[in-house]
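Reader: Hello! I would like a close look at one part of this model, the open sheet and the helix that packs on it, together with how that helix takes part in the contact between chains. Could you walk me through it?

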Amino acid sequence: MKRGIFSAVIMICTLMTLGVPNAVMSADAVRGVTDSEILIGQWGPQTGPAALWGTVGRATGVYFDLLNSEGGIHGRKIKYFNRDDAYQPMKTKAIVKEFVENIGVFGVVGGVGTSTGMAVRDYLAEHKVPWVSPATGSSHWSQPFQKYIFATFPQYHQEAYVLTEYAVEKLGKKKIAFFYQNDDYGKEGLTGAKQYLESKGMTLAAEVPVEVTDTDLKTHALKLKESGAEVVIMWVLPKHGAIILGVSKAIGFSPQWISCSTLSDPDLMFNVTKGLWKGVMYANFVNMESPNIKKYLEAQKKFAPNEKYTGLFFLAGFYFAEPMVEGLRRAGKDLTVDSFVKAMETIEGWNDWLGYNCTFTATDHQGVKSVYMEQCGDDGARIKITDWLVYKGK
Amino acid sequence: MDMKRDYYEDIQLFRTKTVLIASVLSLAALAVLPFMVGGYTLYIVNLIAINAIVAIGLNILVGYTGQISLGHAGFFAIGAYSCVLLMVKGGVPFVIALPAAGLISALFGFLLGLPSLRLEGPYLAIATLGFGMAVTQIISHSEFTGGHMGIEAPRMSFGPFEARTGPQQYAVIMSVAVIMTIAAVNLMKTRVGRAFVAIRDSEIAAEAMGVNLSWFKTLSFAVSAFYTGVAGALMAFALEHVSAGSFNLILSITFLAMVIVGGLGSVMGAIMGAALLTYLQIKLQIVQEAPLIGPFLLEVSKRFFNPAGLANIQSIVFGAIMIAIVIFEPLGMHGIYLRIKRYWRMWPF
């Protein structure tokens, strides 16, 4: 009997300690802004099936640490809240409610995941929370126009459009096949490729969908081979990219492979395909030649020395946060949500970051529409093969 | 001290005055809650209420009837999608769509119950597991359900009244939860509930007493699915968006964990289990901000694990709770509650 009471007491104590740390929202004029601090939040999967992407949120933390060590923005330090939603919309919503109603953040940045983001998009809009750089290429962030969302991830359909354009005009190929994941991610890519080809009166040689759960891609490879495609554009998961290359090689099919920016880590892909990735062209939107990269990697050594992976996803954590910081700088000392939105809309052709030509206008909040292409060289080296390719479709 | 002298004493809802007073007081507490706390806390309470409905439903199947299910995320998804689709594509009002979603889910529960007549233990677990996964696969590949992107849920509405704000949503969700809890308590005192328990204790004995095994087993699946379906529909509105990816195997297992932690075969236990696990799921993400233990854990994690280490504390704590419950307290939180109650009943002496 005593044991029962004892365990109950312990349980109650634990719950109370966990329950205490909810910061009380101050009666400040602007939510999340004090004389010395700006409160910013991000959610992302630190655990669960997509935990690999958790590095984005941690990298953003490193970026803010770096900024704070340099004195912050207009005398204000950034206070950053990085939360784990385990890729579950239910938790994302809880996190965002906590951000807005308990902590009272000024804005949110990044946020990996389309379905998790969609679960909170309207809630954030309702509470006028600025959201910079949702971390997927879905078109839902800028269409229809969202006043408080600033998207910096090139949309998948825009990216597919410029990649197809490159294959046709620069490589001079006519037979182009599209290999895509059978969901919104793949289908948005497919739409972009078709859009370009239709404008030239052409059609795809083959459209081959793959299911997320498929592992045997032999029939897919055969279909691609039968179409006689000279170029195959892929919009798939890394594992499918690796498998299709192996299977195609086995049946003697070797077109020029072009891949979406989600597979733009040549080092990783070269290793998992045991060298087959060499020669594959892929899109990238993080400027690897930017002088900022060196600075950021040094900051990582200083603020997060345990971070093992510092590849593309890690840099993306910086990429997503940079435009927000630029907006905060431009908004000046008198920071409000409206002054921030106005300041963001003055960003035009901005290049002092890891991206290219960031432009927001009062009617278009899709800031980045360009990618450039690289080719995988020996041992997974990056070889830059094009300059920035700008999306010129509708 | 717990002696009953006639049948009606056994089936009444409130056995003593204390129980009646306690129930009325807790209902009153639930009623004033939205005036006391902020939107964030209210959302967590909403999640707890929704999960409690699922846990009660799953407990009817697992705790009372002795069947197992690893596919309740599937019923949850069916409930969520049918309610939203009925409203968006069918123009059905919320008041009708909510029970309809439960009934559609119950129909699937009935169908899944049929194989359970021949399957037992691990085989049934695998069959239900397959069901749960098939549901999400089908939903995510159908254009009608919005594919991988899911669909946005409309507002809960009663004629001209729309549940927009947190407190309004709370009012709807909590009312449904309370009604369904009372219904479950009552169900267990009827012939049907007793038949479920008889099946759990011994199928052969139950059959010998005249319990129709095939009817009551499938019925148990259907009732359980009804509860889960209604909870799924409420979840769709709490999230304002449904997508297939969120109804995964982990969710099914979390539901089962709620029932086991709370206590098998007890409505009260199911509610406690749902409350504890939901609360921990949300709060353990921010354990690093808790006073004293937070910085300590953060330091341990930084020194000995990789940077993502602390985030995984949730799995560790959940695992530890499950193991502790199974070893020390097989009746779960409900067992602890019973012992405390017994202790205090004798208190002054």
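Author: Happy to; here is the sheet, then its helix, then the contact between the chains, and a second strand group to finish.

A word on the basis: this is a predicted model, in which local features need pLDDT of at least 70 and side-chain atom pairs count only at pLDDT 80 or more, while totals for chains, interfaces and linings use all residues. Residues are numbered from 1 along each chain as its sequence is written, and chains are lettered from A and ligands numbered from 1 in the order in which they are written.

The open sheet has five strands, in the order β2-β1-β3-β4-β5 of chain A, and the pairing is parallel. Strands here are DSSP runs of E with at least two residues, helices are runs of H or I with at least four, and both are numbered from the N terminus. Two strands pair if DSSP finds at least two bridges between them. At the edges lie β2 and β5 (149–150) of chain A, each pairing on one side only. Further in, β1 (residues 37–44) and β3 (residues 107–109) of chain A run parallel and are joined by two bridges. There, Ile40(A) stands opposite Gly107(A) in β3(A).

Onto this sheet packs α3(A), touching β1, β2 and β3 of chain A, with its direction at about 170° to that of β1(A). Contact means that the C-beta atoms of two residues, placed from the backbone, lie within 7 Å. Axes are lines fitted to C-alpha atoms, for helices over the stretch in contact, and angles run from 0 to 180 degrees between N-to-C directions.

Now to the contact between the chains, which takes 36 residues from chain A and 37 residues from chain B. On the side of chain A, the elements giving two or more residues are α1 (2–19), α2 (54–69), β2 (77–84), α3 (89–103) and α4 (114–126). The largest share, eight residues, comes from α3(A), the helix that also touches β1, β2 and β3 of chain A.

Finally, the other strands: β9 (residues 256–259) and β10 (residues 281–284) of chain A run parallel, joined by two bridges. Ile258(A) stands opposite Met281(A) in β10(A). On its other pairing, β10(A) runs antiparallel to β11 (residues 370–376) of chain A, with four bridges, and Met281(A) has Gln375(A) as its bridge partner in β11(A).
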